[in-house]
Amino acid sequence: MTKQILEVDGLKKHFPVGEGWIASMMRAVSGGDQDVVHAVDGVSFDLLEGETIGLAGESGCGKTTTGMSLVRLHEPTDGEIRYRGTPLGEMDDDELAGFRQNAQMIFQDPFESLNPRMTVYDTISEPLRIHDIGNETARVRRALEFAGLQPAEQFFDQYPHELSGGQRQRLAIARVIVLDPDFIVADEPVSMLDVSLRAGVLSLLERMTDEFGLSVVYISHDLSLLRHMCDRIAIMYMGRIVEIGDTDDVIMDPKHPYTRALIDAVPVPDPKADRDRVTLDGEVGNAVDVPDGCRFRDRCPSIIPPEDVDLDQEVYREVATLQRRLEDGTLDADAVWEAAGDTDRSDLASFKRELRAEYLTGSLSGTNEDVVETALQQLAEGDEDGAAGTLAARFTSVCERVDPAVERRADIADDRRVACHLYESDGPTTASRRGEDGVAADD
Amino acid sequence: MSETVLDVENLEVYYETEDGPVQAVDDVSFEVEEGETLGIVGESGCGKTTLAKAIIGILPHNGYVNDGAIRFRGEDLTEMDERRRRRHKWEEISMIPQSAMNGLDPVYTIREQITETIQVHRPGTDRLESDRIVDEMFELVGLDPDRADEYPHQFSGGMRQRAMIAMALALDPALILADEPTTALDVIMQDQILQRIEGMQDELESSMLVITHDVSVVAETCDRVVVMYAGQVAEEGPVDEIFGNPYHPYTIGLKRAFPDIRKSDQDLMSIAGHPPTLVDPPSGCRFAERCPMATAECEREYPAERRFGELRTYCHHADRIDEEFRPVADRARTWERTEAAGGD
């Protein structure tokens with residue numbers, strides 16, 4: 001059985017916002033809690049020996065913060081990362097030094113991640129000196145040659161500005177492999193490189209993985225690239241993993257609605273391809289004030305109505321949107337009154353008509369219609385909370401109430417974990433171990 | 001027969017440098033018809049952005065048109081004096097610049113910025129009319145017109161990009177240049193912008209020139225494609241032909257440098273080496289040094305134009321591509337010869 005290099009268990013990293021003195025004085029007066037950005041909010045996965053995992057998601061989903069936590073460039077707020085069984089937080093200085101030698105990171109921008117005042121030789125030999133490893137020149141030469149910077153001696157005395165972008169990224173790779181690490185986090189390793197250089201650097205990375213038996217975590221929003229490079233892929237949304245599994249399974253047959261939208265959005269180099277498009281409304285939600293329930297629900301094209309509510313997805317989404325707007329106070333009743341042309345607010349019927357025209361274009365009937373009508377009446381009478389409550393009592397989705405755990409699903413055959421209520425939970429035994437999302441992979 | 005909006009003929013754009021003129025664009029010709037979207041694709045340094053800047057007339061101070069013509073509806077822009085040219089700029093030809101999301105002024109609302117553009121080019125437009133244009137453009141690019149009165153920092157990157165597109169469309173230009181319109185964006189945003197661009201193509205009669213290194217973006221948005229290499233046209237033709245049956249080894253290689261999400265096990269080909277310096281470019285085929293098909297002839301002589309239906313290509317060995325090159329183009333070894341020739 002393959003050994004785990006890294007076990008990530010319920011990793012959280014929150015960043016405080018509003019740390020200025022005015023904000024802190026305001027807090028002192030009002031007694032409120034400090035706001036935090038939930039950059040990473042409960043991420044669990046294992047990295048096996050020799051395995052490559054891709055972390056994908058939109059900007060701001062927490063993939064880079066996760067990657068930086070893995071090599072301990074961030075101290076986790078909560079949760080645990082174990083390296084070969086030992087939690088990073090419990091390591092003594094020697095163990096930590098050993099970990100730092102074995103855990104390396106390649107950054108996105110080779111123009112910013114290299115010290116402009118150090119020569120190529122110094123750049124690569126510095127980590128050797130820090131870790132007190134001898135036979136410097138030979139190791140530096142070997143690393144450079146491996147990275148395709150040949151003949152190595154010619155590069156020794158050059159400075160980063162004398163190198164092209166592709167050569168700089170090769171230098172960054174040479175600096176990483178000179179320490180013979182166990183695992184590497186590569187954050188968008190080729191996104192700053194020109195087209196024709198990408199393939200070259202990618203094949204170098206592949207060679208590196210094979211020859212050194214490395215485990216690699218690739219971070220990228222480019223799913224075509226991850227498909228090409230990774231054994232497994234994890235899709236992140238708002239600080240969580242929403243789906244993780246074998247790359248081919250995830251790409252060819254995405255289960256989570258977000259994964260599907262993400263994959264459908266990838267353009268393909270074929271003018272004849274007529275790809276399906278699921279348009280995602282809106283933007284990634286607020287990472288400071290994270291919603292209860294499923295974090296993707298406001299943009300989700302497959303939100304689940306309660307069992308006895310039999311409505312088309314579109315109509316249901318309209319009602320759900322109305323309910324949400326009432327709950328978070330973003331429904332502008334004044335504007336509706338204005339649109340209804342009734343400033344003294346006596347013509348309740350025209351208010352309701354106007355509101356329906358704006359928010360509820362689909363047709364409702366039976367109990368659904370009755371409940372909506374009651375809510376609209378309450379709203380017309382000025383009772384926003386009452387209207388919200390009326391709608392909530394009937395229409396609240398499981399997606400809104402319950403935060404789905406990322407876990408194995410009974411109705412998905414392959415070995416993947418998905419955080420979505422559309423799929424059957426694998427039973428109560430896999431309930432959260434830590435935080436909201438603590439179900440560790442059992443692979 | 002539809003009208004030709006833009007006709008670029010034997011264009012040469014040079015940059016003056018200490019080492020002598022850099023021939024960034026050299027003998028480039030192509031046409032853009034009304035309502036057509038033309039893609040210009042190539043790696044950085046191939047001259048595609050220089051070309052766009054020459055067309056709209058914003059070359060940096062050391063850049064100049066050495067020879068050739070850029071005809072916009074028959075009128076040569078390179079001959080036009082600066083004042084008349086300025087009127088053309090934005091009103092007839094507008095541009096969605098690279099990293100457009102950073103091109104907005106942070107201290108003015110989006111509406112003020114678009115209105116200013118309208119006022120400058122159509123003095124006397126009243127407030128109501130310009131507000132109406134702003135609202136209409138916002139709807140077109142999928143933004144809520146109510147948010148036009150917000151400042152750029154209140155918009156996400158993708159929204160700012162769309163606001164920039166709205167600004168480029170405001171004067172209903174006949175030609176829109178889009179320079180890497182989606183490069184700085186992530187997948188979801190990129191897809192939204194591409195959908196907007198496709199929607200615009202249906203709704204407006206404007207022609208578009210899409211400049212990008214991303215062959216997928218070209219495949220999805222363009223009718224025809226110009227593949228540029230080292231300042232010259234390597235190949236040009238309808239998008240289906242360029243992707244389906246290209247004849248230039250560079251086009252074939254470029255296509256294989258991109259991973260395709262639909263394919264599980266693909267070998268990516270890298271075209272090793274780098275484009276020649278354009279201060280003193282080789283007299284023969286500029287791709288010869290990196291080309292697996294290259295012979296002595298290629299290094300000596302610049303290839304003449306060859307036509308295959310609607311496709312034109314510049315390769316000495318175009319006739320042999322079908323039999324000798326296509327069958328081996330997918331093998332990594334084919335490109336290896338050049339791999340040894342140098343890093344990047």
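Visitor: Let's start small: in β8(A), which residue is the bridge partner of T52(A)?
Guide: Keep in mind that what you're looking at is a predicted model. T52(A) sits on one side of the pairing, and across from it in β8(A) its bridge partner is V216(A).

Visitor: And how many bridges pair strand β3 of chain A with strand β8 of chain A?
Guide: Find β3 at residues 52-56 of chain A and β8 at residues 215-219 of chain A. These two strands pair in the parallel sense, and the number of bridges is four.

Visitor: Helix α2 of chain A packs on the sheet, so what angle does its direction make with that of β8(A)?
Guide: Helix α2 covers residues 63-70 of chain A and touches β3, β7 (183-187), β8 and β9 (232-237) of chain A. Set against the direction of β8(A), the helix makes an angle of about 155 degrees.

Visitor: Eight strands form an open sheet in chain A; which strands stand at the edges?
Guide: Read the sheet across and you get the order β6-β7-β8-β3-β9-β10-β12-β11 (chain A), with mixed pairing. The two edge strands each have a single partner strand, so one side of each is left without a neighbour in the sheet. In chain A, those strands are β6 (103-106) and β11 (407-408).

Visitor: Zooming out, what percentage of the residues in chain A is buried?
Guide: Chain A holds 17 helices and 12 strands, and its C-alpha trace spans about 85 × 55 × 45 Å along the principal axes. Out of 443 residues in the chain, the buried share is 46%.

Visitor: How far apart are the centres of domain 1 of chain A and domain 2 of chain A?
Guide: Chain A splits into domain 1 (4-258) and domain 2 (313-396). Taken over C-alpha atoms, the centres of these two domains of chain A are separated by 49 Å.

Visitor: What about chain B: how far apart do the C-alpha centres of its domain 1 and domain 2 lie?
Guide: Here the assignment gives domain 1 at 107-172 and domain 2 at 247-339 of chain B. Their C-alpha centres are apart by 44 Å.

Visitor: Four strands form an open sheet in chain B; which of them stand at the edges?
Guide: The order is β2-β1-β4-β5 (chain B), and the pairing is antiparallel. An edge strand here has a single partner, so one of its sides is left without a neighbour in the sheet. That describes two strands of chain B, β2 (22-33) and β5 (75-76).

Visitor: Which residue in β2(B) does E12(B) stand opposite?
Guide: Strand β1 (residues 4-15) of chain B runs antiparallel to β2(B), and nine bridges join the two. Opposite E12(B), in β2(B), you'll find D26(B).

Visitor: At what angle to β2(B) does helix α1 of chain B run?
Guide: This helix, residues 48-56 of chain B, lies across β1, β2 and β4 (63-72) of chain B. Relative to β2(B), the angle is about 65 degrees.

Visitor: Where chain A touches chain B, which element of chain A gives the largest share of residues?
Guide: The contact takes 38 residues from chain A and 34 from chain B. On the chain A side, the elements giving two or more residues are α7 (165-177), α8 (195-212), α9 (223-229), α10 (247-252) and α11 (257-264) of chain A. The largest share, eight residues, comes from α8(A).

Visitor: Last one: how many residues are in the largest nonpolar core?
Guide: Members from both chains, including A174(A), I235(A) and L209(B), are among those touching the most other members. The residue count of this core is 215.

Methods. Residues numbered from 1 in each chain as written. Chains lettered and ligands numbered in written order. Predicted model: local features only at pLDDT ≥ 70, side-chain atom pairs only at ≥ 80, totals over all residues. Pairing = 2+ DSSP bridges. Contact = placed C-beta atoms within 7 Å. Axes fitted to C-alpha atoms, helices over the stretch in contact; angles between N-to-C directions. Domains from an automatic or database assignment. Buried ≥ 20, exposed ≤ 12 C-beta atoms within 10 Å, placed from the backbone. Core = buried A, V, L, I, M, F, W, Y, C linked by C-beta atoms within 7 Å.
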